[in-house]
Amino acid sequence: MAEQWDNQQDHHSFANVDDLRVTHLSLALSVDFAAQQLSGSARLTLDYRDGDCRSLYLDTRELTIKSVHDQAGNALAFQLDQQDSVRGQRLVITLVEPSSEVIVNYHTSPQAQGLQWLSPEQTSGKLLPFLFSQSQPINARSWVPLQDTPRARITFDAEIKVPKGMRAVMSAMNHGDAPLEGIFHFEMEKPIPTHLLAIAVGDLHFGAIGPRTGVYAEPQMLSAAVKEFEDTEKMVEIAESLLGPYAWGRYDMLVLPPSFPFGGMENPRLAFMTPTLIAGDKSLVSTVAHELAHSWTGNLVSNATWRDLWLNEGFTTYFTNRIVEAVYGKELAELEVVLEYGRLKEELISMPLTSQTLPANVQAGDPNDAFNRFTYDKASMFVHELEHRLGRADFDRFLFDYVNHFAFQAITTETFVEYAKSTLLTQYGDKLTEAELLEWLYGTGMPSWFVPPTSNSLEKVDHLRTAWLAGEPLNKANTADWRVHHWQYFLNSLPEVLDQQALIDLDTCFDFSRSTNAEIACDWYRVAIRNQYDPVLPFVEAYLIKIGRGKFVRPLYNELLLAGYQQEVRSIYQKARGGYHPSLSVHLDKQLLG
């Protein structure tokens with residue numbers, strides 16, 4: 001019999017948010033690069049949902065709690081009384097009387113999963129060290145004791161002390177001209193989920209893009225980043241025309257070192273970006289549009305639990321496509337949807353059926369497993385179908401109303417179903433049935449009526465690929481008008497098995513092994529590895545040592561293992577591991593070293 005779960009509860013948090021809720025966080029932290037440690041205090045403002053509650057449950061992971069006291073300075077009893085390999089440890093604070101604030105004095109561990117400490121040698125400038133966080137999904141608890149659940153939004157302020165000459169930035173209002181005197185102050189007056197708490201410290205400089213957009217980066221990367229992301233202000237304007245005013249004031253970005261494990265992270269007012277997006281031709285900036293889109297679908301309307309991640313990522317992936325279409329044209333938007341479906345098809349083959357629903361069935365497991373192609377791309381296909389069924393004008397009205405109705409709230413899949421019943425199914429019952437809605441949400445695989453996306457722009461790729469496989473030449477002349485997306489489609493649609501001469505011909509003509517485009521390089525390496533094209537191995541090793549983005553790293557290690565390169569995997573991983581973010585290496589350790 002299938003295990004039954006309370007779908008309103010966040011099974012990845014110890015916090016007792018129904019009884020007692022933290023509404024504001026005041027941080028006072030010092031950054032110690034030598035000890036690889038944050039130390040200081042977290043002042044938590046409390047809202048009593050149950051007036052009789054006298055215990056505050058917080059989430060922690062590998063934190064050293066020095067003391068706890070109330071706003072009057074009275075010491076409060078505390079204990080770390082539960083431990084879980086996924087959730088970390090529960091911190092229980094006993095409240096003698098209803099305190100309005102609790103202050104926790106603590107320091108972090110050098111192994112904190114939510115923080116990466118880089119030596120100067122691991123940065124672009126090679127002069128100063130670097131620190132950055134990655135709190136999503138449940139790693140904020142490794143650097144702040146808090147109710148680490150999207151169900152409980154908080155406002156926050158912070159005082160951060162750093163070595164003089166270094167700049168600190170956070171997911172709050174930042175000031176690119178702030179003096180580098182060693183103390184930085186931040187404020188986020190709008191309530192955010194805790195997985196959007198973010199901090200970075202390094203040799204960071206600021207470059208403006210528009211009146212409310214800009215980029216922070218190491219000086220060696222700054223001008224290229226400003227140029228690559230120069231359309232960001234236009235993206236904000238397009239997004240506002242669809243979903244209403246941008247609520248966060250500024251939209252700045254931080255380009256992180258290559259070890260950042262994601263393409264981007266939608267931290268409000270300071271989205272984190274991987275340097276692998278800087279291709280020199282804006283071909284990969286849809287990730288910028290994606291993180292911007294989260295400012296509405298994710299940061300305003302949030303998933304209440306990690307089972308409900310699709311509400312963030314599905315609507316955001318769809319919304320990204322709308323921004324790309326408006327800024328870069330319909331052809332590129334269509335190409336990106338086709339590539340989305342290509343990624344999804346891979347996981348349709350490999351993922352267990354129980355994992356193929358929009359809600360991620362991760363209640364008993366690791367919430368990181370929720371980040372798959374079903375919560376992103378299947379969910380996006382669902383939203384695209386809603387647009388197709390309703391027509392764009394009516395769907396845009398629904399999406400606008402949905403975002404504004406749930407702004408600054410965290411909702412579950414079932415909350416969305418009830419809202420859809422009272423809106424979509426009431427107003428457009430002739431275009432969408434409840435059975436079809438529920439099949440999309442809770443059914444496995446794709447609905448029987450689903451029609452995969454297509455693009456006329458790919459016909460030329462199909463034609464030339466077929467001709468090449470039949471023996472006709474493929475060269476730079478007859479592919480001169482291909483975009484990066486055409487090449488991705490070409491590489492991902494090649495037969496599983498190719499002979500060595502075909503691989504040699506491709507690599508000789510197009511120099512794929514040395515590609516400076518991270519997406520093309522990864523797709524080529526996967527083709528080459530599974531066909532045991534050994535000349536590619538030194539390039540794969542260099543790539544895996546240089547880049548720590550999980551989207552690239554995990555598939556390449558998987559391909560190497562499947563192709564029988566176990567010894568090479570261990571050798572490469574030993575060299576590369578020190579440059580990976582802890583939130584990635586903790587999972588790769590189990591797979592590659594276990």
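For the charge count here, Lys and Arg are taken as positive and Asp and Glu as negative, with His and the chain ends left out. On that basis the protein chain carries 49 positive and 75 negative side chains, and the centres of the two sets sit 2 Å apart. Keep in mind that this is a predicted model.

**The chain as a whole**

Let's start with size. A compact globule of 594 residues would have a radius of gyration near 25 Å, and the protein chain comes in at 24 Å, so the two agree. The C-alpha trace spans about 80 × 60 × 55 Å along its principal axes. Counting secondary structure gives 18 helices and 20 strands.

As for packing, 59% of the 594 residues count as buried. The exposed area of the protein chain is about 22900 Å², with carbon and sulfur atoms supplying 50% of it. Contacts reach far along the sequence too: of those between residues at least 6 apart, 72% join residues at least 24 apart.

**Strand pairs**

Here are some of the antiparallel pairs, with their bridge counts.

| Strand | Partner | Bridges |
|---|---|---|
| β3 (residues 55-60) | β6 | six bridges |
| β5 (residues 78-84) | β6 | six bridges |
| β9 (residues 130-133) | β13 | two bridges |
| β11 (residues 167-170) | β13 | four bridges |
| β18 (residues 270-273) | β17 | two bridges |

**Around β6**

Why is strand β6 (residues 88-94) described as largely enclosed by the rest of the structure? Because six of its seven residues are buried, where buried means under 20% relative accessible area. Strand β3 pairs with β6, and in that pairing Leu56 stands opposite Ile93 of β6. Strand β5 pairs with β6 as well, and there the bridge partner of Gln82 is Arg90 in β6. The link from β5 to β6 is a hairpin that runs through three residues.

**Around β13**

Strand β13 (residues 199-202) is a neat one to look at side by side: Ile199 and Val201 point one way, Ala200 and Gly202 point the other way, and all are buried. Its antiparallel partners include β9 and β11. Leu131 stands opposite Val201 in β13, while Val169 stands opposite Ala200 in β13.

**Leu118 and its surroundings**

Now for a single residue. Leu118 belongs to strand β8 (residues 115-118). Is Leu118 buried or exposed? With a relative accessible area of 4%, it falls under the 20% cut-off, so Leu118 is buried. Which residues is Leu118 in contact with, leaving aside its neighbours within four places in sequence? They are Pro129, Phe130, Phe132, Pro257 and Ser259. Leu118 also lies 7.9 Å from Gly579, C-alpha to C-alpha, although the two are 461 residues apart in sequence.

**A five-strand open sheet**

Finally, there is an open sheet of five strands in the order β14-β15-β16-β18-β17, with mixed pairing. Its edge strands are β14 (205-210) and β17 (264-265), each of which pairs on one side only. At the β17 edge, two bridges join β17 to β18 in the antiparallel sense, and Gly264 stands opposite Met273 in β18.

Definitions and conventions
Residues are numbered from 1 along each chain as its sequence is written. This is a predicted model: local features need pLDDT of at least 70, side-chain atom pairs count only at pLDDT 80 or more; totals for chains, interfaces and linings use all residues. Side-chain values use heavy atoms; hydrogens and water are left out. The radius of gyration is taken over C-alpha atoms; the globule rule is 2.2 Å times the number of residues to the power 0.38. Buried means under 20% relative accessible area, exposed over 50%, partly exposed in between (1.4 Å probe, protein chains only). Contact means heavy atoms within 4.5 Å. Accessible areas come from the Shrake-Rupley method with a 1.4 Å probe; for residues, only the protein chains shown count as cover. The place of a charge is taken as NZ of Lys, CZ of Arg, CG of Asp or CD of Glu. Two strands pair if DSSP finds at least two bridges between them.
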